[in-house]
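Q: Got a minute to go through this one with me? I'd like to start with the helices.

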Amino acid sequence: MAYTDDAVKAKLSSLNETQESIVSVAQWIMFHRRHADRTCAIWLERMRETTVNKRLTLIYLANEVVQQSKARKKDDFLVAFSPVIAEASATAYKGATNDVQEKIRRTVEVWNQRRIFDKPIQEAVEGRIMELDKSRSGKKTGLLGGSLFSGGGSNAPAPAELQPLIPLQTAISKAIATSSPALSTANAEYDKLTDADKPSPSPPVYAARLSALLKTLSSAETAVAESIKTRQDLINGLEDLVATNRASLEKEQSQLTTTTERREFIEKKKREVEDAIMSGKSATETPSPATDGTPHANGRTTSSAEPERPQVEALTPPPTESLTPIHSPKFTANQNPLTNSNIPNGDINQPVQHPPTGPSPQPTTSTPVYLDNLPPPQSTPSDARYGAPSSSELRYGASSPAKKRKLDAEFEGFGAGEDAMAGLDDDVAELLRAESGGVV
């Protein structure tokens, strides 16, 4: 079948919702892709004139044509459908049932996922459908629960700097959707009417066609002028945004320069400190800020000289000699403390030989008095009451009565008639008297 307007209208009229019908008409249309602009114009007219139920089938037909063209890398119908697809989608969506609207939204979502149309055209289609939803429900809710027309499922709003540009871009998309079909129709009518190969009609018919073409050209001129005005507004907004970002760029470049200089200064200072440490200098030799007596922010001043360290009291214990009582007897390493006699060098490790048990001579005044030769002190009643050893027993060791009698027999005449404390220090003598209970 040759391509004519009537042939295209006949194909669209015979179209139904079956897959075979949609694929057959789509193949015939794509075969005549040289007339893509005219086919799209007739398709849009059919979309406006047909019933609500037939519009979904026309959307399916356009979907088949554009997807096959994208797959075959033939852009004829992609370019031809771009100006009219937003208006056609809104026309099919408006007044349709919820089921039909859901199917149209699914189709538009497929176009978005597969990048069928350019981004401005896709945004125009989505914007027209969202405006219809808002005007119908009065709610600003996204389509399909917010998953459609959202750039991959994200409902994040545009940055505040781009908010003024969104209405301008939407107006541009609407202007393109309006001007492109009018311009395509005007160009097609103009070519048909001015074609020299075709015979000229009668003057009355020719005058009527010229009048109709004049109206079409006027409409296309108005639509293009509106598109130009809207695009100029968008360019002005973009220029303002560019100027703002240019000023911010200069400020950030200055901040980058300052930050770089500070980083290099700190790196240099760090190397100097590390070199000082490696060369053996102490931390006190490295210069520190505010050590020249200059006042701080809190009003206090710092001095360059360090304060003297406090004197620490020595904790060394006193020597052993300071704890030895005054006038205590001193023995050499080889002297027997009981007999006051020297032990031969070879017998220094031998046991001490006690003196014989026979009667001993009376001691003279020149003989020194030893603490071990004194009689044992008497125990106090308090020691006896609790069964604890007396202080004398703790000092001299517990002894049996037999040993006491033996000592009394050996030193029976010791110190008779004389003061036993003669020659001792007064403090030591008083201590011995107190411990012996006044016996000595």
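A: Sure. Keep in mind that the model is predicted. A good place to begin is helix 6, residues 85–93, which is mostly covered: nine of its nine residues are buried.

Q: Which buried residues does helix 6 have?
A: Ile85, Ala86, Glu87, Ala88, Ser89, Ala90, Thr91, Ala92 and Tyr93.

Q: And what follows helix 6?
A: Gly95 comes after helix 6, and its phi is positive, near 80 degrees.

Q: Zooming out, what is the secondary structure of the chain?
A: The chain has 14 helices and two strands.

Q: How much of the chain is buried?
A: Of the 440 residues, 25% are buried. The chain exposes about 30,800 Å², with carbon and sulfur atoms supplying 54% of that area.

Q: What share of the contacts comes from residues 24 or more positions apart?
A: Taking contacts with a separation of 6 or more, 66% of them are between residues 24 or more positions apart.

Q: Let's talk about the core. Which residues touch the most other members of the largest nonpolar core?
A: Trp43, Leu61, Phe77, Phe81, Ile104 and Phe117, out of 46 residues in that core. At least two core residues come from each of helix 1, helix 2 (19–31), helix 3, helix 4 (52–71), helix 5, helix 6, helix 7 and helix 8 (119–137).

Q: Which helix gives the largest share of this core?
A: Helix 4, with seven residues.

Q: Back to Trp43: what is it in contact with, leaving aside neighbours within four places in sequence?
A: Trp43 contacts Leu12, Leu58, Ile59, Leu61, Ala62, Phe81, Val84, Ile85 and Ala88. Two of those, Ile85 and Ala88, are among the buried residues of helix 6.

Q: How many aromatic pairs are there?
A: Four in the structure. One of them is Trp43 with Phe81: the ring centres are 5.0 Å apart and the planes sit at 80 degrees, so the pair counts as edge-to-face. This pair links distant parts of the chain, with Trp43 in helix 3 and Phe81 in helix 5 (residues 76–81), 38 residues apart.

Q: Are those two rings buried or exposed?
A: Trp43 is buried, at 2% relative accessibility. Phe81 is buried too, with a relative accessible area of 4%.

Q: What about Trp111 and Phe117, how are their rings arranged?
A: Their centres are 5.4 Å apart and the planes are at 80 degrees, so Trp111 and Phe117 make an edge-to-face pair. Trp111 and Phe117 are both buried.

Q: Which residues do ring pairs link into a cluster?
A: Trp43, Phe77 and Phe81.

Q: Switching to charges. How many salt bridges does the structure hold?
A: There are 10. In one of them Arg38 pairs with Asp5, and their closest N and O atoms are 2.9 Å apart. Arg38 is in helix 3 (residues 36–49) and Asp5 in helix 1 (residues 5–13), so this salt bridge ties together parts that are 33 residues apart in sequence.

Q: Is Asp5 buried, exposed or partly exposed?
A: Partly exposed, as Asp5 has 22% relative accessibility.

Q: Where do Arg105 and Glu102 lie?
A: Both are in helix 7 (residues 98–113), three residues apart, or about one turn of the helix. Their side chains meet in a salt bridge at 2.4 Å, N to O. Arg105 is buried, with a relative accessible area of 10%, whereas Glu102 is partly exposed at 24%.

Q: Why does that spacing suit a helix?
A: An α-helix has 3.6 residues a turn, so residues three or four places apart point the same way.

Q: What separates Asp233 and Lys229?
A: They are four residues apart in helix 10 (residues 203–278), about one helical turn. Their side chains form a salt bridge, 3.7 Å from N to O. Asp233 is partly exposed, with a relative accessible area of 31%.

Q: Which residues do shared partners join into one network?
A: Asp5, Arg38 and Lys192 are joined by salt bridges that share partners.

Q: Last one, helix 9: how many residues does it have?
A: Helix 9 (residues 165–193) has 29, and it reaches 41 Å from first C-alpha to last, close to the 42 Å expected at 1.5 Å a residue. Its buried residues include Leu165, Ile172, Pro181 and Leu193.

Terms used: Residues numbered from 1 in each chain as written. Predicted model: local features only at pLDDT ≥ 70, side-chain atom pairs only at ≥ 80, totals over all residues. Heavy atoms only, no water. Buried < 20%, exposed > 50% of the residue type's maximum accessible area, 1.4 Å probe, protein only. Contact = heavy atoms within 4.5 Å. Areas by Shrake-Rupley, 256 points an atom, 1.4 Å probe, with all protein chains shown as cover. Expected span 1.5 Å × (residues − 1). Salt bridge = Lys/Arg side-chain N within 4 Å of Asp/Glu carboxyl O. Phe/Tyr/Trp six-rings, centres within 6.5 Å; stacked < 30°, edge-to-face > 60°. Core = buried A, V, L, I, M, F, W, Y, C linked by side-chain atoms within 4.5 Å.
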